[in-house]
Amino acid sequence: MRYNEKELQALSRQPAEMAAELGMRGPKKGSVLKRRLVKLVVNFLFYFRTDEAEPVGALLLERCRVIREELSAFSISFIEDPERKYHFECSSEEQCQEWMEALRRASYEFMRRSLVFYRNEIRKVTGKDPLEQFGISEEARFQLSGLQA
Amino acid sequence: MKLNERSLAFYATCDAPVDNAGFLYKKGGRHAAYHRRWFVLRGNMLFYFEDAASREPVGVIILEGCTVELVEAAEEFAFAVRFAGTRARTYVLAAESQAAMEGWVKALSRASFDYLRLVVRELEQQLAAVRGGGGMALPQPQSLPLPPSLPSAPAPVPFLPSAPAPVPALPLPRRPSALPPKENGCAVWSTEATFRPGPEPPPPPPRRRASAPHGPLDVAPFARLHECYGQEIRALRGQWLSSRVQP
């Protein structure tokens, strides 16, 4: 699949929601744990060799599962292939929890649900649709019907 | 750079409703021909397929940090997705009707994760404000100064800033005790009936650390940004429509 790699590289240089050096192991059988600089920017998780400016790779964080693993570790897998896991080792329980929370909220789909939630809550309290004042109340992407059950 | 392309392909073709879909002509390169492709917009990803029945996308355009502009082109109903930076690619696309073009321009200019996050933050603040006041009226968007006069068409006018507005860092509130499973994309509050968070709202979206300002509009509240761009869009559309009238 073609993609705009230059723009993805530029995105990897943007200010991150979270960044830390973690142990990382790829999904392939026999993968070795490696130290990587892991950086969360919008709904992408970039991972760099610790001394390089360009990322080794990126994970788009849509339709993914973040699961707690033993010893301050977590894994990311994707809904269509739950056995294929990207494994991350943290230096403490706190760091592990922090990353899991951040990754859980890092998808576009999660943001969309948050928006629908806030929109409905505001509507319940005030009787008004808060998106109307911005002229985006009819946008398909912000409708309740647009959510997966 | 490695990318989880298989997951990307599944995201492109999954059952969830899309944000926009339709045929567009895509210019191959600077002097290349247009190819008709089936485009699917989902979140901040613009996928394109050989045709509507294809199982796997030919490619994807990641829509962060871009502006969407009308362009002068041989093709009717053309518009461009432009990225910043030296040697950055500009994607020239053409719709098959005026309505389709306008629909795409609107959808694409609001497709970034950044934009969605801005809206969510704004709503989160509004909810806190109305809850704090016990059902008071919504804070009204402030009236704002007119934007500087626009250059005449066809000079491009950006619809959205490419850099995020800086926001102060805030500590995250505690999670509600009823923890949903940690699944992205199958999250909890898809219907009001099943959502039981307790009295607290869900944790707010993660805050960015403050970054250096990139332009005069970055310190404006969201309402101003929206009104400002809305005015630019209205003016530009007016110019474009009047330029299409036959003499």
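Two strands pair if DSSP finds at least two bridges between them. The legends below describe a predicted model.

**View 1. An open sheet of eight strands draws on both chains.** The strand order is 1(A)-5(B)-4(B)-3(B)-2(B)-8(B)-7(B)-6(B). Pairing in this sheet is mixed. Strand 1 (2–3) of chain A and strand 6 (66–70) of chain B stand at the edges. Each has a single partner strand, so one side of each is left without a neighbour in the sheet.

**View 2. Strands 7 and 8 of chain B run antiparallel.** Strand 7 covers residues 78–83, and strand 8 covers residues 90–94. Five bridges join the two. One residue pair can be picked out here: V81(B) has Y91(B), in strand 8 of chain B, as its bridge partner.

**View 3. Helix 3 of chain A packs with helix 3 of chain B.** The chain A helix spans residues 108–126 and the chain B helix residues 113–132. Their axes lie 9 Å apart, at an angle of about 30°. Angles under 35 degrees count as roughly parallel, so the two helices are described as roughly parallel. Their crossing is left-handed.

**View 4. The second largest cavity is lined by residues of chains A and B.** The structure holds two cavities of 30 Å³ or more. The second largest has a volume of about 50 Å³. Chain A lines this cavity with F78(A), E80(A), D81(A) and R84(A), and chain B with R6(B) and S7(B). Strand 8 (81–89) of chain A and helix 1 (5–13) of chain B are the elements that give two or more residues to the lining. By class, the lining has four charged residues, one polar and one nonpolar.

How values were computed:
Residues numbered from 1 in each chain as written. Chains lettered and ligands numbered in written order. Predicted model: local features only at pLDDT ≥ 70, side-chain atom pairs only at ≥ 80, totals over all residues. Heavy atoms only, no water. 1 Å grid on protein atoms, 1.4 Å probe; cavity = no way out; pocket = protein on both sides within 12 Å on 5 of 7 lines; lining within 4 Å. Points joined across faces, edges and corners; volume = space filled by probe spheres on them. Helix = DSSP H or I, 4+ residues; strand = E, 2+ residues; numbered from the N terminus. Nonpolar A, V, L, I, M, F, W, Y, C, P; charged D, E, K, R; others polar. Axes fitted to C-alpha atoms, helices over the stretch in contact; angles between N-to-C directions. Parallel < 35°, antiparallel > 145°, perpendicular 65-115°, else oblique. Left-handed = near helix turned anticlockwise from the far one by under 90°.
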